[in-house]
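This report describes a few features of one protein structure in plain terms. It begins with strand pairing and goes on to a helix, the salt bridges and a cavity.

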Amino acid sequence: MSALPAFSREWHLTARPHGWPTQEDFALREAPVSAPAEGRVLVRNLHFSVDPYMRGRMNDVKSYIPPFKLDHPMDGGAVGVIVASNAEGFAVGDHVLHGLGWREYADVPAQHATKVDPELAPLSAYLGVLGMTGLTAYAGLFETASFKEGDAVFVSGAAGAVGSQVGQMAKLRGASRVIGSAGSDEKVAYLVDELGFDAAFNYKNGPVRDQLRAAAPDGIDVYFDNVGGDHLEAAISSLNVHGRATICGMIAGYNDTEPTPGPRNMAMIIGKRLQLKGVLVGDHYGLQPQFVKEVGGWLRSGELKYRETFVEGIENGVDAFLGLLRGDNTGKMIVSATS
Ligand SMILES: NC(=O)c1ccc[n+]([C@@H]2O[C@H](COP(=O)([O-])OP(=O)(O)OC[C@H]3O[C@@H](n4cnc5c(N)ncnc54)[C@H](OP(=O)(O)O)[C@@H]3O)[C@@H](O)[C@H]2O)c1
């Protein structure tokens with residue numbers, strides 16, 4: 001076993017952001033590294049995930065996942081290589097997926113580490129297309145929205161990690177039409193030209209309601225909501241009778257300092273007998289084997305595409321997170337170790 005480093009850098013939340021987070025709310029600090037205790041492994045993180053849900057964890061509010069503690073390392077999905085092991089079945093050199101991101105070295109209980117194979121897919125894919133965001137897309141579309149062949153699907157946040165998979169999965173399972181919205185003309189071109197969406201629009205170019213009507217003149221059967229706000233209101237207007245909406249995220253409101261007003265057209269839910277249902281990926285890990293089999297097949301055949309946006313260096317971790325909230329990413333936003 002090679003010598004362990006004396007210190008590991010890790011990101012701490014040092015103040016609870018009010019509105020948009022700033023660099024001043026975080027600090028990159030050093031923590032001592034020691035050999036793993038019984039039943040644990042020491043992992044050198046190669047990639048860690050920054051995700052929109054982490055913004056909610058920066059607030060001190062009760063939710064489905066506890067808030068980050070001030071002056072403690074933040075956590076989240078990460079993949080890395082074991083550099084020291086004190087756990088049966090885990091060897092130095094094994095690659096694992098685990099939940100202690102935002103740091104260079106992670107001291108992980110072995111039962112919270114899942115071995116992953118870098119020969120089957122690039123390691124970063126286990127954080128995105130083959131990981132949490134891919135499963136969210138799969139479960140939210142096929143289970144929560146009860147997608148069926150012939151449905152017309154609209155997805156917001158369509159060039160992001162979840163949204164880009166939702167649109168393609170819908171096409172692969174026989175959607176009649178797939179429409180996406182995103183925040184730049186480049187992303188719109190990517191959706192149509194590379195991912196095969198039937199139509200897409202830039203929500204910054206005009207009212208969502210008008211642009212969605214134009215893109216889906218016959219209405220939509222499924223709406224996959226990553227954004228909330230005016231997107232949700234527009235989707236309710238465009239949903240056909242017995243339409244279904246998966247409420248996956250509402251990123252447009254994550255930095256709001258006042259409660260976000262709801263859609264003004266909720267009464268349409270009655271006449272159209274709509275179903276709006278929330279999804280939490282954590283409820284759907286039972287789908288994992290089926291998800292990996294089907295999505296793995298689509299990836300191997302080249303039918304399903306994905307992009308990742310890499311930010312190099314742990315010191316740029318907060319920049320990556322802020323960039324994600326601003327829309328700097330296409331596909332999954334990932335922070336990679338440089339050394
Ligand atoms: N329920 C669950 O279990 C679960 C699991 C994973 C993710 N989610 C949710 O799913 C959504 C997508 O997550 P992701 O990981 O795939 O992130 P992502 O879409 O890869 O990245 C976030 C994207 O949000 C867009 N955005 C930011 N502000 C916006 C605004 N005001 N209006 C419209 N779009 C805005 C940006 O793209 P543009 O350039 O297009 O603006 C940005 O790239 C998020 O709402 C997240 O919270 C939920």
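Two strands are said to pair if DSSP finds at least two bridges between them. The model described here is predicted.

**Strand β1 and its partner**

Strand β1 and strand β2 (residues 26–32) meet this condition, pairing in the antiparallel sense over seven bridges. Within this pairing, H12 stands opposite A27 in β2. Five of the seven residues of β1 are buried, so the strand is largely enclosed by the rest of the structure. R9, which lies in strand β1 (residues 7–13), counts as partly exposed, at 29% relative accessibility. This residue returns below, among the salt bridges.

**Helix α9**

Helix α9 is another element that is largely enclosed by the rest of the structure, because eight of its ten residues are buried. The buried residues are G317, V318, A320, F321, L322, G323, L324 and L325. What do they pack against? The buried residues of α9 pack against β1, β2, β3 (40–49), α1 (53–57), β14 and β15 (332–336). Both strands of the pair described above are thus on this list.

V318 gives a detailed view of one position in helix α9. V318 is buried, and its relative accessible area is 0%. Leaving aside neighbours within four places in sequence, V318 is in contact with W11, Q23, F26 and W102. The chain also brings D25 into this region: the C-alpha atoms of V318 and D25 are separated by 9.6 Å, although the two residues are 293 residues apart along the chain. After the helix comes G327, whose phi is positive, near 95 degrees.

**Salt bridges**

Side chains of opposite charge can pair when their charged atoms come close. The structure holds 14 salt bridges. Three of them are set out here, each with the distance between nitrogen and oxygen.

| Salt bridge | N to O distance |
|---|---|
| E315 and R9 | 3.8 Å |
| D198 and K171 | 3.0 Å |
| R264 and E233 | 2.6 Å |

In the salt bridge between E315 and R9, the closest N and O atoms are 3.8 Å apart. E315 lies in the loop between β14 (308–312) and α9 (317–326) and R9 in strand β1, so the pair ties together parts that are 306 residues apart in sequence. E315 is partly exposed, with a relative accessible area of 37%. The pair does not stand alone: R9, E104 and E315 are linked in a network of salt bridges.

For D198 and K171, the closest N and O atoms are 3.0 Å apart. This pair links distant parts of the chain, 27 residues apart, with D198 in the loop between α4 (185–194) and β10 (199–202) and K171 in helix α3 (residues 161–172). D198 counts as partly exposed at 32% relative accessibility, and K171 counts as partly exposed at 31%.

The side chains of R264 and E233 meet at 2.6 Å, N to O. R264 lies in the loop between β12 (239–247) and α7 (268–271) and E233 in helix α6 (residues 229–238), so this salt bridge ties together parts that are 31 residues apart in sequence. Are the two residues buried or exposed? R264 counts as exposed, at 73% relative accessibility, whereas E233 is buried, with a relative accessible area of 13%. Not counting residues up to four places away in sequence, E233 touches P263, R264 and N265.

**The cavity**

Rolling a probe the size of a water molecule over the atoms shows where empty space is left. How many cavities of 30 Å³ or more does the structure hold? There is one cavity of 30 Å³ or more. The largest cavity has a volume of about 50 Å³.

Its lining is made up of G128, V129, A161, S164, Q165, Y306, R307, E308, G331 and K332. The largest share of this lining, three residues, comes from α3. K171, one partner in the second salt bridge of the table, also lies in helix α3. By class, the lining of the largest cavity has three nonpolar, four polar and three charged residues.

Key: Residues are numbered from 1 along each chain as its sequence is written. This is a predicted model: local features need pLDDT of at least 70, side-chain atom pairs count only at pLDDT 80 or more; totals for chains, interfaces and linings use all residues. Side-chain values use heavy atoms; hydrogens and water are left out. A salt bridge is a side-chain nitrogen of Lys or Arg within 4 Å of a carboxyl oxygen of Asp or Glu. Helices (H or I, at least four residues) and strands (E, at least two) are DSSP runs, numbered from the N terminus. Buried means under 20% relative accessible area, exposed over 50%, partly exposed in between (1.4 Å probe, protein chains only). Contact means heavy atoms within 4.5 Å. On a 1 Å grid over the protein atoms alone, a cavity is a set of points where a 1.4 Å probe fits but cannot get out, and a pocket is an open set with protein on both sides within 12 Å along at least five of seven lines; lining residues have an atom within 4 Å of a point. Grid points are joined across faces, edges and corners, and a volume is the space filled by probe spheres set on the points. Ala, Val, Leu, Ile, Met, Phe, Trp, Tyr, Cys and Pro count as nonpolar, Asp, Glu, Lys and Arg as charged, and the others, Gly among them, as polar.
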